[in-house]
Amino acid sequence: MFKTKIIANYLPQFHEIPENNRFWGKGYTDWVAVKKSTPLFENHLQPRIPKNKNYYSLDDKDVIKWQAELAKNNGIYGFGIYHYWFSSDMQLLQKPAEILLDSKEIDINFMFIWDNGSWKRTWSNVKRGNDWAPEFDNRKELEVNGNSNTDNGMLAELKYGNEEDWKKHFDYLCKFFNDKRYIKKNNCPMFGFFQPDNDYETVKKMCEYWNSLAKENGFNGMCFVSKCNYKNANLDYSFKYEPLSVNTNKELMISRIQNIKNRYFPKLRIYDYDKIWKKIISDAKNCKNKKQFYGGFVGFDDTPRRGKKAKIILGQTPKKFEKYLRELLEVSDQMNKEYIFLTAWNEWGEGAYLEPDEHDDDSYLKAIKRVTE
């Protein structure tokens, strides 16, 4: 049995919130995009349909309990739950994590990965922002209906604030840190930053402050885990976010040029499953950084969110996934890495999910179960 444990990234964007309704229309969750997706070429597997058409809502405790049991029974150690804290006055999609906290009978380990960026419209030039739902950003329709947000396309703006704001954020998180299911390393709660290079100097100061607050609250400090990035703006540990990670200036420039081209000349970007996985494993074998956790992925196709501007990885099968995951775990184990981060538990809008669907049933979960046992 491997010592390295699997943390599956977990998306809470599957329950109705007022902000989603305002930004993209009444009832919007990622399921809306998933259902409306269409095939763009022969044998293109779209739309992706969950098994038994289980378009669940994550404001339901029974759904989260089902997810946790399914994950744990098939070899997943814990969830890396995306965290959306924009300021002391604005937090979004926190309901699933709060249900988990209040439901001690749900048996799954978990940690937070803070996606510390703003939300913006597709056409916005705001830096360090996420354009969640390009296929649903109809500017003309928004203007006609008087529902456009701001001239710069900002939907939810990240504001780090000052120490007072950082303390409010920590006090909120501390309730979770004190839970025995929260993932810790040497009595230090693990907390991830998805965009550590977004004002890195402020992030470092905040981490130093949180570290002192953690000690005041009975921990040995904090364990900060930053997504690998081209600036090497890392914290205590780093993790590779796969697939298609951008880790160098050259890769960043290529990605930016492709994104600019795609804005004006939409074109699908097609990649090969085997090539990407082989690169992931090769990079892991050659990595000299003892404080880097590796990352893997199930599949990828963000057609539901981006339509003809999508990135699609072709050639995935449960058998291939099992083979490559086993190799990555072997490398991680030999290097005494405690975790790998897997994309993803339920990124249906990006075709990166472990949950059972109508096409493969629970084959990917069973692959993990065989590997981890």
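**Close-up views of a predicted model**

**View 1. Helix α7 and its packing partners.** The buried residues of α7 pack against β4 (109-114), α6 (163-177), β8 (190-193) and β9 (223-227). Keep in mind that this is a predicted model. Which residues of α7 are the buried ones? They're T202, V203, M206, C207, Y209, W210, L213 and A214. The helix itself covers residues 200-216, 17 residues in total. From its first C-alpha to its last, α7 reaches 24 Å, close to the 24 Å expected at 1.5 Å a residue. Just after α7 comes G218, which takes a positive phi of about 95°.

**View 2. The largest nonpolar core and L354.** This core has 109 residues. W210, one of the buried residues of α7, is among those with the most contacts inside the core. W119, F191, F321, F341, W345 and L354 are also on that list. Now zoom in on L354: what does it touch, once you leave aside its neighbours within four places in sequence? Its contacts are A8, I76, V298, F321, L342, A344, W345, Y364, L365 and I368.

**View 3. Helices α9 and α11 side by side.** Two packed helices are described by the angle between their axes and the distance between the axes. Here, α9 (residues 273-286) and α11 (residues 318-334) pack at an angle of about 10°, with their axes 9 Å apart. Angles under 35 degrees count as roughly parallel, so α9 is roughly parallel to α11. On the α9 side, the meeting residues are Y273, D274, W277, K278, I280, I281, A284 and K285. They meet K320, F321, Y324, L325, E327, L328 and V331 in α11. Sorted by class, this contact has ten nonpolar, no polar and five charged residues.

**View 4. L100 in helix α4.** You'll find L100 in α4, which runs over residues 95-102. Is L100 buried or exposed? With a relative accessible area of 2%, L100 is buried. Leaving aside neighbours within four places in sequence, L100 is in contact with I81, I106, I108, F110 and R181. Take F110: it sits ten residues from L100 along the chain, and their C-alpha atoms are separated by 9.3 Å.

**View 5. N9 in strand β1.** N9 lies in β1 (residues 5-10). How much relative accessible area does N9 have? Just 1%, so N9 counts as buried. Again setting aside neighbours within four places in sequence, N9 is in contact with G80, Y82, I113 and Y241, plus F341, L342, T343, A344, W345 and N346. Two of those names, F341 and W345, came up in View 2, among the residues with the most contacts inside the largest nonpolar core.

Definitions and conventions:
Residues numbered from 1 in each chain as written. Predicted model: local features only at pLDDT ≥ 70, side-chain atom pairs only at ≥ 80, totals over all residues. Heavy atoms only, no water. Core = buried A, V, L, I, M, F, W, Y, C linked by side-chain atoms within 4.5 Å. Buried < 20%, exposed > 50% of the residue type's maximum accessible area, 1.4 Å probe, protein only. Contact = heavy atoms within 4.5 Å. Helix = DSSP H or I, 4+ residues; strand = E, 2+ residues; numbered from the N terminus. Expected span 1.5 Å × (residues − 1). Axes fitted to C-alpha atoms, helices over the stretch in contact; angles between N-to-C directions. Parallel < 35°, antiparallel > 145°, perpendicular 65-115°, else oblique. Nonpolar A, V, L, I, M, F, W, Y, C, P; charged D, E, K, R; others polar.
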